[in-house]
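Reader: I'd like to learn how to read pockets, cavities, salt bridges and surface patches off a model. Can you walk me through them?

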Amino acid sequence: MKILGQKSLGTFLEKMCWFLLAAGAAVIAGLPWLLGFYYNLKQEDYGRPVILFTLAVLYISGAIALAILVQLRLILRDVNCGSPFTMKNARRIKTVAWLCMPIALLYIAGIFTIPSALVILIALVFLFLAALTFVLAEVFRQAVLYKEENDLTI
Amino acid sequence: MPIIVNLDIMMAKRRISATELSEKVGITMANLSILKNNKARAVRFSTLEALCRVLNCQPADLLTYEKEPPEGPAAGPTDGGEKEDH
């Protein structure tokens, strides 16, 4: 299976990002109805403050997730064009790391308010992702420096 | 960069063009240009060996070291001259 280049897994993922962006935007737009449907299914009434707080968390984390997808799509575009190791991509990975932080903090705040066990899981996952992505961003940045040094070694 | 690559001088002495040199050495024209314009950060021994072989010269004919002038307006003489006592 071809991983990078034309007609590869990388190209497929880049196209998937467009689909996920559109789907994500549609989900964010329909959040009030989706949340109402979910609460009807559970047959629970948590009160207006909880519902509003949950909506706010979902809207903000949804918007940030879309921003992460945009960065990932740009990274995949450069990777598929044959120039993955650039400072721009290193900065994009660091941006993704920074974007994971507010999502983690939002869901940590939601532990005390949103009545769902998934909240703490999402908070922990995004905390871990943020830390890991910071490390990856630094590794990538050093790889770019090595590449630049190698490019100017004749 | 204190290391100066004197490729142009040797190429003129041996009357060899950049295209011919790059083909015989086995590097691209772009890399040869980087070397000639002192933009290279490092040179592999294999490349240096190929250049010396094609140009029939020694590495010292191609590479010279020029000390960079010290920075700052208060920089004194750099020839290691002795300070005068007043």
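Author: Sure, starting with pockets. Helices here are DSSP runs of H or I with at least four residues, numbered from the N terminus. Keep in mind that this is a predicted model.

Reader: Okay, take the second largest pocket: which element gives the most to its lining?

Author: That's α3(A), with eight residues in the lining of the second largest pocket. The space in there comes to about 240 Å³. Elements giving two or more residues to this lining are α1 (9-29) and α3 of chain A. Of the 13 lining residues, A:Gly24, A:Ser61, A:Gly62, A:Ala65 and A:Leu66 lie nearest the centre. By class you get ten nonpolar, three polar and no charged residues.

Reader: And the largest pocket, what volume does it have?

Author: About 320 Å³. Its lining has 17 residues, and those nearest the centre are A:Leu35, A:Tyr38, A:Thr54, A:Leu58 and A:Ser116. Two or more lining residues come from each of α2 (31-42), α3 (48-80) and α5 of chain A. The largest share, six residues, belongs to α2(A). Sorted by class, the lining of the largest pocket holds 14 nonpolar, two polar and one charged residues.

Reader: How does a cavity differ, and how many of 30 Å³ or more are there?

Author: A cavity is a set of points where a 1.4 Å probe fits but cannot get out, whereas a pocket is an open set. The count is one cavity of 30 Å³ or more. The largest cavity holds about 40 Å³ of space. Its lining is made by B:Val5, B:Leu7, B:Leu35, B:Val43, B:Leu48, B:Leu51, B:Leu62 and B:Leu63. That's eight nonpolar residues, with no polar and no charged ones.

Reader: On to charges. How many salt bridges are found over all chains?

Author: The general idea is that side chains of opposite charge can pair when their charged atoms come close. A search of the whole structure finds nine salt bridges over all chains. One of them pairs A:Glu149 with B:Arg41, at 3.0 Å from N to O. A:Glu149 sits in helix α5 of chain A and B:Arg41 in the loop between α3 (29-36) and α4 (45-55) of chain B, so this pair joins two chains.

Reader: How accessible are those two partners, A:Glu149 and B:Arg41?

Author: Partly exposed means between 20% and 50% relative accessible area. A:Glu149 counts as partly exposed because its value is 37%, and B:Arg41 does too because its value is 42%.

Reader: What about pairs within a helix, such as B:Lys24 and B:Glu20?

Author: Those two lie four residues apart in helix α2 (residues 18-25) of chain B, about one turn of the helix. Their side chains meet at 2.9 Å, N to O. Then there's B:Arg53 with B:Glu49, where the closest N and O atoms are 3.3 Å apart. That pair is in helix α4 of chain B, again four residues apart and so separated by about one helical turn. In chain A, a network of salt bridges links A:Arg77, A:Asp78 and A:Arg92.

Reader: Last one: which element supplies the largest share of the nonpolar patch?

Author: It's α5(A), with seven residues. The patch covers about 1000 Å² of surface, with A:Leu105, A:Phe112 and A:Leu129 among its residues. Both α4 (87-110) and α5 (118-151) of chain A supply at least two residues each. A:Leu129 lies in helix α5 of chain A. A patch residue needs over 30% relative accessible area; A:Leu129 is partly exposed at 33%.

Methods: Residues are numbered from 1 along each chain as its sequence is written. Chains are lettered from A and ligands numbered from 1 in the order in which they are written. This is a predicted model: local features need pLDDT of at least 70, side-chain atom pairs count only at pLDDT 80 or more; totals for chains, interfaces and linings use all residues. Side-chain values use heavy atoms; hydrogens and water are left out. Patches are made of residues with over 30% relative accessible area and no salt bridge: like charges are joined within 9 Å, nonpolar side chains (Val, Leu, Ile, Met, Phe, Trp, Tyr) within 5 Å. Accessible areas come from the Shrake-Rupley method with a 1.4 Å probe; for residues, only the protein chains shown count as cover. A salt bridge is a side-chain nitrogen of Lys or Arg within 4 Å of a carboxyl oxygen of Asp or Glu. Buried means under 20% relative accessible area, exposed over 50%, partly exposed in between (1.4 Å probe, protein chains only). On a 1 Å grid over the protein atoms alone, a cavity is a set of points where a 1.4 Å probe fits but cannot get out, and a pocket is an open set with protein on both sides within 12 Å along at least five of seven lines; lining residues have an atom within 4 Å of a point. Grid points are joined across faces, edges and corners, and a volume is the space filled by probe spheres set on the points. Ala, Val, Leu, Ile, Met, Phe, Trp, Tyr, Cys and Pro count as nonpolar, Asp, Glu, Lys and Arg as charged, and the others, Gly among them, as polar.
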